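Hi,

Here is the structure I said I would pass on. Have a look at it first, and then read my notes underneath.

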Amino acid sequence: MQVLLASSVMLVIGFVRMASVSALEYQVHASEYGVHWNFFFTLCIVGLVMSLCALTEYGLLPAASVLLVLYECLLGSTLTNLQDVILMAPRDFGRNAIERLFYANREGICSCLGYVSIGFIGQQLGVIVRRRSKLFPVSSEAVYGLTLLMATAVAWLILSILVSTGP
């Protein structure tokens, strides 16, 4: 129930933002999230998916990894051509209203898969940071800070390896 309330709040904020941006004729670049989509809609979807999955602390990182690999495979696949769809498809493409709505907002909708995986990784980091360590005879705040610092260092190491071996 609490998840539906939080998601509905994000949905309402998303519609308010969409209406206010339209009413104020504020310039929004469609290549960011699409014509109607905004980050509040993405947060709503991420919250719903993460709560529906209800993974244990041991399933968060594998789920995030599977989602990231799946998303990357979909982007690079010649079968789906998702990368080409996101980057180059016309906004008014589609036979019916639902397809046209998807193509008008394809950047934001397709990015939800990546954001859900980032959410799972964030939950996993939260689990790691909250664990009480019996190795250090110091206060729990110091343990949390040290754990977060180590997790950040590992993430930067992985990022630098990936960037240096990239295309």
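Below is what turned up when I went through it.

First, a word on confidence, since this is a predicted model. The mean pLDDT of the protein chain is 86, and 92% of its residues reach 70 or more. Among the elements, helix 3 (residues 39-53) has the highest mean pLDDT, at 92, while helix 8 (residues 140-165) has the lowest, at 83.

Now the surface. There is a nonpolar patch made up of Leu61, Leu68, Ile121, Leu125 and Ile128, and together these residues have about 360 Å² of accessible area. Two helices, helix 4 (60-76) and helix 7 (106-130), each supply at least two residues of that patch. Helix 7 gives the most, with three residues. If you want one residue to start from, try Ile121, which sits in helix 7. Its relative accessibility is 31%, so Ile121 counts as partly exposed. A residue needs over 30% to be taken into a patch, and Ile121 has 31%.

Helix 7 also has a residue that faces a different question: what does Val116 touch, leaving out residues up to four places away in sequence? The contacts are Val46, Val49, Met50 and Leu67. Val116 is in helix 7 too, but it is buried, because its relative accessible area is 4% and the cut-off for buried is under 20%. For a sense of distance, take Asn38: it lies 78 residues from Val116 along the chain, and their C-alpha atoms are separated by 15 Å.

Last, the cysteines. How many disulfides does the model have? The count comes to zero. Cys44 is a good case to check by eye: the closest cysteine sulfur to its own is that of Cys112, and at 9.1 Å this is too far for a bond, because a disulfide needs the two sulfur atoms within 2.5 Å. Cys73 is in no disulfide either, and the nearest cysteine sulfur to it, that of Cys110, is 15 Å away. As for their surroundings, Cys44 counts as buried because its relative accessibility is 6%, whereas Cys73, at 48%, counts as partly exposed.

That's the lot from me. Shout if you would like to go through any of it together.

Cheers

Notes:
Residues are numbered from 1 along each chain as its sequence is written. This is a predicted model: local features need pLDDT of at least 70, side-chain atom pairs count only at pLDDT 80 or more; totals for chains, interfaces and linings use all residues. Side-chain values use heavy atoms; hydrogens and water are left out. Patches are made of residues with over 30% relative accessible area and no salt bridge: like charges are joined within 9 Å, nonpolar side chains (Val, Leu, Ile, Met, Phe, Trp, Tyr) within 5 Å. Accessible areas come from the Shrake-Rupley method with a 1.4 Å probe; for residues, only the protein chains shown count as cover. A salt bridge is a side-chain nitrogen of Lys or Arg within 4 Å of a carboxyl oxygen of Asp or Glu. Helices (H or I, at least four residues) and strands (E, at least two) are DSSP runs, numbered from the N terminus. Buried means under 20% relative accessible area, exposed over 50%, partly exposed in between (1.4 Å probe, protein chains only). Contact means heavy atoms within 4.5 Å. pLDDT is the predictor's confidence in each residue, from 0 to 100.
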